Structure formats: structure tokens, C-alpha cells
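Student: Could you walk me through this structure, one piece at a time?

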Amino acid sequence: MSYKYELHCHTGEVSTCADAPAAQTVERYKKAGYDGIVFTDHFSGLTFPPFNYFNHQKNAEHYLKGYRAALQAAGDDFTVLFGMEIRFLLTPNDYLVYGVDEDFVKNFGNFLFDNQKKLYEKVHCAGGILVQAHPFRGYVKRGDPRYLDGVE
């Protein structure tokens with residue numbers, strides 16, 4: 001048996017690079033024959049207004065809006081999984097996080113102020129994996145392979 005999943009998708013509710021709301025995205029992928037999506041909205045300085053950088057609980061609730069909307073839209077015949085795309089403040093690299101849940105966002109602190117090693121440790125503590133996103137963009141620096149589980 002084979003499955004077809006989108007592994008890196010954003011929602012209009014959270015990520016500034018996404019136009020479509022989560023429910024519309026779920027419907028489009030269903031119609032295209034996918035079995036599910038991993039929503040990896042951006043958790044970065046672009047996601048939250050600067051005056052909220054230190055208000056982690058408020059940011060966490062905002063961050064989860066797209067994923068929660070996707071879950072409601074999915075129904076019983078489509079899988080929605082939680083993921084993240086994290087960028088630390090003042091850095092060009094993005095890291096994809098898989099295998100964590102909503103509690104990870106709420107309880108593991110403000111990722112904006114982490115570094116790759118610290119994030120890797122948090123992700124592994126929660127049972128997830130860390131993958132460097134789009135490493136071949138010209139402005140991206142190669143991540144330390146000691147603190148990565150993969151590269152997109």
C-alpha cells in the first residue's frame with residue numbers, strides 16, 4: 001500500500017508566504033488524491049509582531065490556529081499532522097520539525113531565541129526530528145550536521 005503526503009505546507013492563518021486558509025488547502029489536497037499533509041507553518045520573527053517576541057504563550061496560541069483549522073476541515077478520510085518551520089531571530093536558516101505536537105509549542109520555550117544545537121536538543125527531548133529546510137538557497141548557511149537528522 002502506498003500513501004501520498006505533503007510534508008512541508010503552510011497555512012494562510014499563520015505563515016505570511018501562504019495565501020490559502022488551512023481548510024481550503026486541505027480540500028485542494030484531498031481533491032488531488034493526497035492522503036494527508038504535515039502543516040509546517042513558520043515560527044519566525046515574520047510570524048509575530050516585534051512587540052510580541054517575548055509573549056510566548058500568546059504567540060503559541062496564534063501559531064496553532066492554522067493547524068487547528070486544518071484538523072477541523074480534514075474529516076475522517078484525510079490525515080493532518082503537526083510540524084513546524086523555525087527560524088531564529090537574525091538568522092537566514094529555516095529548520096523543519098517533525099514528530100512533535102501542540103504541547104511542544106506551548107511548553108518548550110520561545111524558539112526565536114534558540115540556536116541550532118539548543119533546538120535540536122529540545123526536539124529530541126520531545127521525540128521529534130530536525131531537518132534543515134531549503135539548504136541550497138543562496139543566503140542559507142549549511143547547518144551543523146551534528147545537530148540535524150536530515151536535509152530537505
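Tutor: Let's start with a strand, and keep in mind that this is a predicted model, where local features need pLDDT of at least 70, side-chain atom pairs count only at pLDDT 80 or more, and totals for chains, interfaces and linings use all residues. Residues are numbered from 1 along each chain as its sequence is written, and side-chain values use heavy atoms, with hydrogens and water left out.

Student: Are the residues on the two faces of strand β5 (residues 95–98) buried or exposed?

Tutor: Strands here are DSSP runs (E, at least two residues), as helices are (H or I, at least four), numbered from the N terminus. In a regular strand the side chains alternate between the two faces of the sheet. In β5, Y95 and V97 lie on one side and L96 and Y98 on the other. Buried means under 20% relative accessible area, exposed over 50% and partly exposed in between (1.4 Å probe, protein chains only), and these four residues are all buried.

Student: Which residue of β5 is the bridge partner of M84?

Tutor: Two strands pair if DSSP finds at least two bridges between them. Strand β4 (residues 79–86) runs antiparallel to β5, and 4 bridges join them. The bridge partner of M84 in β5 is V97.

Student: And which residue of β6 is the bridge partner of L96?

Tutor: Strand β6 (residues 129–132) pairs with β5 in the antiparallel sense, over 4 bridges. Within β6, the partner of L96 is V131.

Student: How is helix α2 oriented relative to helix α3?

Tutor: The axes of α2 (residues 56–63) and α3 (residues 65–74) come within 5 Å and cross at roughly 30 degrees. Angles under 35 degrees count as roughly parallel. Therefore α2 is, relative to α3, roughly parallel.

Student: Which residues of α3 make that contact?

Tutor: Contact means heavy atoms within 4.5 Å. From α2 come E61, H62 and Y63, and from α3 come K65, G66 and R68.

Student: Is A69 buried or partly exposed?

Tutor: A69 is found in helix α3, and it touches E13 and A22, not counting residues up to four places away in sequence. Because its relative accessibility is 21%, A69 counts as partly exposed.

Student: Which backbone oxygen does the side chain of T47 reach?

Tutor: T47 is found in the loop between β3 (42–43) and α2, and T47 is buried, with a relative accessible area of 11%. At 2.8 Å, its side chain reaches the backbone oxygen of H42.

Technical notes: Axes are lines fitted to C-alpha atoms, for helices over the stretch in contact, and angles run from 0 to 180 degrees between N-to-C directions. Angles under 35 degrees count as roughly parallel, over 145 as roughly antiparallel, 65 to 115 as roughly perpendicular and the rest as oblique. A polar contact is a pair of N or O atoms within 3.5 Å; within protein, one must be able to donate a hydrogen and the other to accept it, and residues adjacent in sequence count only if both atoms are side-chain atoms.
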